Amino acid sequence: HAGGPVYACPTEEKPQVPRDDWQCFEGTEPAPEVCALANEDSAAAAYEEEADSAALRTDLQQASSAFDRALSIRAASSSLRHDWARRAALHARRGKVWQALEKFDRALSDAHIALTLCPDSVPALLLRAQIFFETRELQECALSAKQCWALMTSSETPDISLKKGCKRILDELNEPLDDKLPMSFVASDFLEEFDLDVNSAFNFGSTRIGLEEVVSIEVADCGIHACRGLYNRTVQNSNGAPVYESAAGYRMSLEVLPIKGTTEVRHGWVIGKGANGLYGARVASSGSTSPAPPRSGWRAFGDAGMPPMPTCSLLHRTSATEHSGCDRTLAAHAARLAASAASLLAADRPQAARACSEEALRVWPVLEDGFMQKARALDADGAVSTAPEPLQQLLTMRPRHEDSLAALLELQARGALS
């Protein structure tokens, strides 16, 4: 190290590295034993062991470096790259290191890669929930935590430490410990492109949501960090609309705002604390219905509010006016979406079918029919080269899944597999 010997071993065979008989120079006892690694698998496994050992010692920089090398070997090796489950586990473990280093973007990226490789990876799901909790993306946090909990409770041998971590997040979010959709669940925005309802958790139809169904509002991207977070509905009202309040004591309410330079006034939503307004957004009145807070278009009141301006997401009742007899479990809702994808595919709408199948997998990432419908939609939409991927993801979880094996063989016969 730095030009000086730490350990050394005299040898007459220069090309051969000795196994033992090493001596200590600047290094401390005991002297090392050196093992030659015969193949890529052995080298990758050695780096994995080094990474895990460093992580236990909280030597996080060495751990991340060793994980980098292990993953690089496995991704580059033609014989090792197809072990998706092993690579997923490595990405999840490296993600934990990034989380400890508070590099949340890298941790989230590793969690995403792990779940792409192995969609039922509980460590990756919990890591994603923890990162979203740290970054206050509470809607996605709740969904990931619910998925994690549902998978662990269905396992015969759940990891106790992972289960405790998942329970801690759900308790913080005031979510029940079950396999149902989170209270804050809303569908993905991209479904709206295909005229699919983005608000109802159970049926496709009207895209309008009444303010009376909004139970909380998530504020993000706000320049004043304390303003961010979940604003829950209170019993108070202002100008005919509910008042929402965050855990930090910030409030969102519908107020009467003057129009500068005129004597006119207009309704607008205000985020503030006490008597001080920080951000506001004017809204148009809609008859007797109170207008909902807009997603964007917010402005700061003078120097009180700091850029960037906030964005709002309405978190409504996912029970769709709480229909009795409607199964609200993650698996059941995802199954309905997959069935809708099949119907859209039959109606020659492959792009809409793909969007619906992706939403099904977003809700319940282990839904077998979701992977099958996505592969069929990709194939029907002309994306033949990417159609095998969801089938391979399914086979990572279910190695003997006959339908996915048959579909892969068919794609191979058509030259879609490399």
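Where is the place of Thr58? Thr58 sits in the loop between H1 and helix H2 (60-76). The views below are close-ups of a predicted model.

**View 1. Thr58 takes a positive phi in the loop between H1 and H2.** Phi of Thr58 is near 60°. That is a positive value in a residue other than glycine. The relative accessible area of Thr58 is 61%. Exposed means over 50%, so Thr58 counts as exposed.

**View 2. Asn174 has a positive phi in the loop between helix H7 and strand S3.** Helix H7 covers residues 160-172, and strand S3 covers 214-220. Asn174 lies in the loop between them. Phi of Asn174 is near 60°, again in a residue other than glycine. Asn174 counts as exposed, at 60% relative accessibility.

**View 3. The peptide bond joining Glu29 and Pro30 is cis.** Omega is about -5° for this bond. Pro30 belongs to the loop between strand S2 (23-24) and helix H1 (40-56).

**View 4. A cis peptide bond joins two prolines, Pro307 and Pro308.** Omega is about 0° here. Pro308 is in the loop that runs between strand S9 (299-300) and strand S10 (311-316).

**View 5. Helices H8 and H9 pack against each other.** H8 spans residues 330-346 and H9 spans residues 350-363. Their axes are 8 Å apart and meet at an angle of about 170°. Angles over 145 degrees count as roughly antiparallel, and H8 and H9 are therefore roughly antiparallel to each other. On the H8 side, the contact is made by Leu330, His333, Ala334, Leu337, Ala338, Ser340, Ala341, Leu344 and Leu345. On the H9 side, Pro350, Ala352, Ala353, Cys356, Ser357, Glu359, Ala360 and Val363 take part. The residues of this contact divide into 13 nonpolar, 3 polar and 1 charged.

**View 6. Gln139 is a buried residue of helix H6.** Helix H6 runs over residues 138-153. The relative accessible area of Gln139 is 12%. Buried means under 20%, so Gln139 qualifies. Which residues does Gln139 contact, leaving aside its neighbours within four places in sequence? They are Ser184, Val186, Glu218, Ser313, Leu315 and Arg362. Of these partners, Glu218 lies within the residue range of strand S3 (214-220). Ser313 and Leu315 fall within the range of strand S10 (311-316). Arg362 falls within the range of helix H9 (residues 350-363).

**View 7. Cys148 is buried and its sulfur forms no disulfide.** The relative accessible area of Cys148 is 0%. The closest cysteine sulfur is in Cys166, 4.0 Å from the sulfur of Cys148. A disulfide needs the two sulfur atoms within 2.5 Å, so this pair is too far apart for a bond. A search of the whole structure finds 0 disulfides. Cys35 is another cysteine to view here. Cys35 counts as partly exposed, at 44% relative accessibility.

**View 8. Arg81 is placed in the loop between H2 and helix H3.** Helix H3 covers 84-100. Arg81 is partly exposed, with a relative accessible area of 31%. Leaving aside neighbours within four places in sequence, Arg81 is in contact with Arg74, Ala75, Ala76 and Arg87. Arg81 and Leu71 are 10 residues apart in sequence. In space, C-alpha to C-alpha, Arg81 and Leu71 are 9.2 Å apart.

**View 9. Gly415 lies in the segment after helix H12.** Helix H12 covers 402-413. Is Gly415 buried or exposed? Gly415 counts as exposed, at 57% relative accessibility. Gly415 and Val384 are 31 residues apart in sequence. Their C-alpha atoms are 9.2 Å apart in space.

**View 10. The whole chain sets the context, with 12 helices and 10 strands.** Of the 418 residues, 43% count as buried. The accessible surface of the chain comes to about 22000 Å². Carbon and sulfur atoms hold 50% of that surface. Among contacts with a separation of 6 or more, 50% join residues 24 or more positions apart.

Key: Residues are numbered from 1 along each chain as its sequence is written. This is a predicted model: local features need pLDDT of at least 70, side-chain atom pairs count only at pLDDT 80 or more; totals for chains, interfaces and linings use all residues. Side-chain values use heavy atoms; hydrogens and water are left out. Axes are lines fitted to C-alpha atoms, for helices over the stretch in contact, and angles run from 0 to 180 degrees between N-to-C directions. Helices (H or I, at least four residues) and strands (E, at least two) are DSSP runs, numbered from the N terminus. Angles under 35 degrees count as roughly parallel, over 145 as roughly antiparallel, 65 to 115 as roughly perpendicular and the rest as oblique. Contact means heavy atoms within 4.5 Å. Ala, Val, Leu, Ile, Met, Phe, Trp, Tyr, Cys and Pro count as nonpolar, Asp, Glu, Lys and Arg as charged, and the others, Gly among them, as polar. Buried means under 20% relative accessible area, exposed over 50%, partly exposed in between (1.4 Å probe, protein chains only). Accessible areas come from the Shrake-Rupley method with a 1.4 Å probe; for residues, only the protein chains shown count as cover.
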